[in-house]
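Trainee: May I ask you how each label on this model is earned?
Mentor: Please do, and we can test each value against its definition.

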Number of protein chains: 2
Amino acid sequence: MTITIKDVARKANVAPSTVSRVIANHSTISTKTKEKVRAVMEELGYYPNVNARNLVNNHTNVIGVIMPSATYAPFHNPFFPEVLRGITTQANEQRYGLYLSTSQTDLDILEEVKEMVYSRRVDGIILLYSTVADPVIDFLLDRSFPFVVVGQPPEQLKESVFFVNNDNVKAAKMVTEYLLLLKHERIAFVGGRQDAFVTIDRKNGYIEALEASGIQIDESLLVYHDEIFEGGEKAVIELMSQKNPPSAMIVTDDLMALGVLRMLFSMNVSVPDDMSVVSFNNVLMSKLSTPPLTTLDIHIHELGYKAAQMLRQCILDPKASPKSHIVNHHLIRRATSKTFNGMSI
Amino acid sequence: MTITIKDVARKANVAPSTVSRVIANHSTISTKTKEKVRAVMEELGYYPNVNARNLVNNHTNVIGVIMPSATYAPFHNPFFPEVLRGITTQANEQRYGLYLSTSQTDLDILEEVKEMVYSRRVDGIILLYSTVADPVIDFLLDRSFPFVVVGQPPEQLKESVFFVNNDNVKAAKMVTEYLLLLKHERIAFVGGRQDAFVTIDRKNGYIEALEASGIQIDESLLVYHDEIFEGGEKAVIELMSQKNPPSAMIVTDDLMALGVLRMLFSMNVSVPDDMSVVSFNNVLMSKLSTPPLTTLDIHIHELGYKAAQMLRQCILDPKASPKSHIVNHHLIRRATSKTFNGMSI
DNA sequence: CTGAAAGCGCTTACAG
DNA sequence: CTGAAAGCGCTTACAG
């Protein structure tokens, strides 16, 4: 029923090997033969069986994309759809396919990755998360399997791993300096998962900026929460119930900032008049909030696009030495930041 | 280097065929042999090559997921990540893999789908969009390839296609009735793409409800826009500049409703005091807006989950007659809807 | 209960 | 420039 290379060979009066060669567009095949064979392929509606092809070629032209486990509700954060979009764009250009992980727990992820590589399902892997200790990275490294991480690998592996990232330290430093220039001095830091590098790096940037301007770090102004939205609300409660609350808040995620905004609103703290809020990511809805968020655009789409591009090089030249790419960022000033008004709340 | 079935056969002193049978857990193999072989597989770290296996089995245990073309910025709408999550959950339970489309244009989609089926990349397909005339559906039907659409197939194909959907007519009718009970009489309808069935069905439900309560349809109150967010803003301008503006708006998408809210806010029209707004989908951020949206929850996750489940049946029994599944909906009352206050704005 | 053999649909040295 | 043959790593009738 399904038509194979033999069928077109027969009809075109050539050997199967010849058909195979015109598919691969070998230069040794005469133009005449190519045309003849192509006409027959067209006529018969021939499509190569990728499974047979993958078997002999020992590669698949598909890349595996590993999402964080469902535990962290990745799909609730627009960051992931957006990187995915970047990856998709580049994969499409390269004519690579995309195979998506389905793991629901952290433990499953390792298993799924192993299956992908051992079973030869994919030619390379993109990791959409990065935490301090990740067995997946160790495994991939050990197998010398092509992969790139979006985010930052553990410090001691920075030389051995391909990755694309933002300079989150610098970015957070800049955001903090911006707030300092706006005359804020009590600036709070609201972060996410403490074992995630984004959180750590951004906290460090924040601290660097404060120290550089001679401001003493007040530990009570640093608050962390895992939950993407409710975390923001909780943070506000903790911060505002202090004797000397901050006049500005740096929030490491737009969604969390929405939680912050909501809670502030319900407490009748006016943004930006009584409180400045600056967040990160510039996700679509950061401009839809009331008021629209001042946020740091980290060019999420580009993170994904570059990752796919880098992975391709890494697949093509497996012994290439690890590279990294730092994606730019820029501040989007909208309506949640303002000069300190001097009043205490 | 890579270890195959032959290697374990040799080491276990059995034939390759026997190894294959213990992998498949054939009942004909003695427990003793099974144990022996499994021990060797474990020891050698054997994993089957899926490409070889797929080639002979002529199936792959992976399902293809087709996103709308990038033109409609699917990843900007949280609907898609959420269905994807539902699909992922079910696929993981069934031990199916996920292959994601990467097409950037409508035209590409057909090509990509053809490639998926002819090349035997996937065993079945889930279509994440549904429009009035879709060559993809025709193609799939023609090839009798297993597929299910999330949303609604064209009317004349309803008997021939597997699909999971909401009862959007009923849902919109209910939403409209809710507003009518709140004493609103001039209720506007703000829809998305006019060739999308969601839009059409919801409009029909709206009309049904109005007619049933004897209210004359005012065409100037029906407005459509393609752009997910800006569309909402434009709609407000059109609606509010009328001599006799509405006191309530039904918006077919939460994101669009955010646009609506923003524009209303900038025009100093207070929600819900001077204007009620009810939307659809109950996407995460609908509760993060100010004020939080009254919206119709359509159980997006379940749409995806059921679609994957149905696809599986459809793959297992290809000659089964087409089924459909209607997912429930329910109204989430939050802060954007209120009894008509009798004042004209 | 298990083995030998053929075959899935390709590709790629090796000849000519 | 093209063909015949072997092989990729599995599975599954067919024997025994």
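Trainee: Which helices each supply at least two residues of the lining of the largest pocket?
Mentor: Helix 2 (16-23) and helix 4 of chain A do, along with helix 6 (106-118) of chain B. Helices here are DSSP runs of H or I with at least four residues, strands are E runs of at least two, and both are numbered from the N terminus. Helix 4 of chain A gives the largest share, five residues.

Trainee: How should I read the numbering and the quality limits?
Mentor: Residues count from 1 along each chain as its sequence is written, while chains are lettered from A and ligands numbered from 1 in the order written. This is a predicted model, with local features needing pLDDT of at least 70, side-chain atom pairs counting only at pLDDT 80 or more, and totals for chains, interfaces and linings using all residues, and side-chain values use heavy atoms, without hydrogens and water.

Trainee: Why is one space called a pocket and another a cavity?
Mentor: On a 1 Å grid over the protein atoms alone, a cavity is a set of points where a 1.4 Å probe fits but cannot get out, whereas a pocket is an open set with protein on both sides within 12 Å along at least five of seven lines; lining residues have an atom within 4 Å of a point. The largest pocket holds about 1,200 Å³, where volume is the space filled by probe spheres set on the points, joined across faces, edges and corners. Its lining has 36 residues, with Thr2(A), Asn49(A), Val117(B), Tyr118(B) and Arg120(B) nearest the centre.

Trainee: What makes up the lining of the largest pocket, by class?
Mentor: It divides into 20 nonpolar, 12 polar and four charged residues. The classes are nonpolar (Ala, Val, Leu, Ile, Met, Phe, Trp, Tyr, Cys and Pro), charged (Asp, Glu, Lys and Arg) and polar (the others, Gly among them). Tyr118(B), one of the residues nearest the centre, therefore counts as nonpolar, since Tyr is in that class.

Trainee: Which residues lie nearest the centre of the second largest pocket?
Mentor: Tyr118(A), Arg120(A), Thr2(B), Tyr47(B) and Asn49(B), out of 31 lining residues. Two or more residues each come from helix 6 (106-118) of chain A and from helix 2 (16-23) and helix 4 of chain B. This pocket holds about 1,000 Å³, and its lining has 18 nonpolar, nine polar and four charged residues.

Trainee: How many cavities of 30 Å³ or more does the search find?
Mentor: Three, over the whole structure. The largest has about 170 Å³. Its 16 lining residues include Asn54(A), Val62(A), Arg121(A), Val62(B) and Arg121(B), which are the closest to its centre. The second largest has a volume of about 140 Å³. Among its 13 lining residues, Leu258(A), Ser289(A), Thr290(A), Leu288(B) and Ser289(B) are closest to the centre.

Trainee: What makes the pair Glu43(A) and Lys11(A) a salt bridge?
Mentor: The rule asks for a side-chain nitrogen of Lys or Arg within 4 Å of a carboxyl oxygen of Asp or Glu. Here the closest N and O atoms are 3.2 Å apart, so the pair qualifies. It links distant parts of the chain, Glu43(A) in helix 3 (residues 31-44) and Lys11(A) in helix 1 (residues 5-12), 32 residues apart.

Trainee: How many salt bridges are there between chain A and chain B?
Mentor: Two, against 23 over all chains. Glu230(B) and Lys287(A) form a salt bridge at 4.0 Å, N to O.

Trainee: How many residues does each chain bring to the contact, and how much area is buried?
Mentor: Contact means heavy atoms within 4.5 Å, and 51 residues of chain A and 51 of chain B take part. The chains bury about 4,700 Å² between them, 63% of it on carbon and sulfur atoms. Buried area is the accessible area (1.4 Å probe) that two parts lose on being put together, summed over both.

Trainee: How many salt bridges cross the interface of domain 2 and domain 3 of chain A?
Mentor: Zero by the rule, although these domains bury about 1,300 Å² between them. The domain bounds come from an automatic or database assignment.

Trainee: Last one: what is the omega of the bond between Val271(A) and Pro272(A)?
Mentor: About 5 degrees, and the peptide bond is cis. Pro272(A) sits in the loop between helix 11 and strand 9 (276-281) of chain A.
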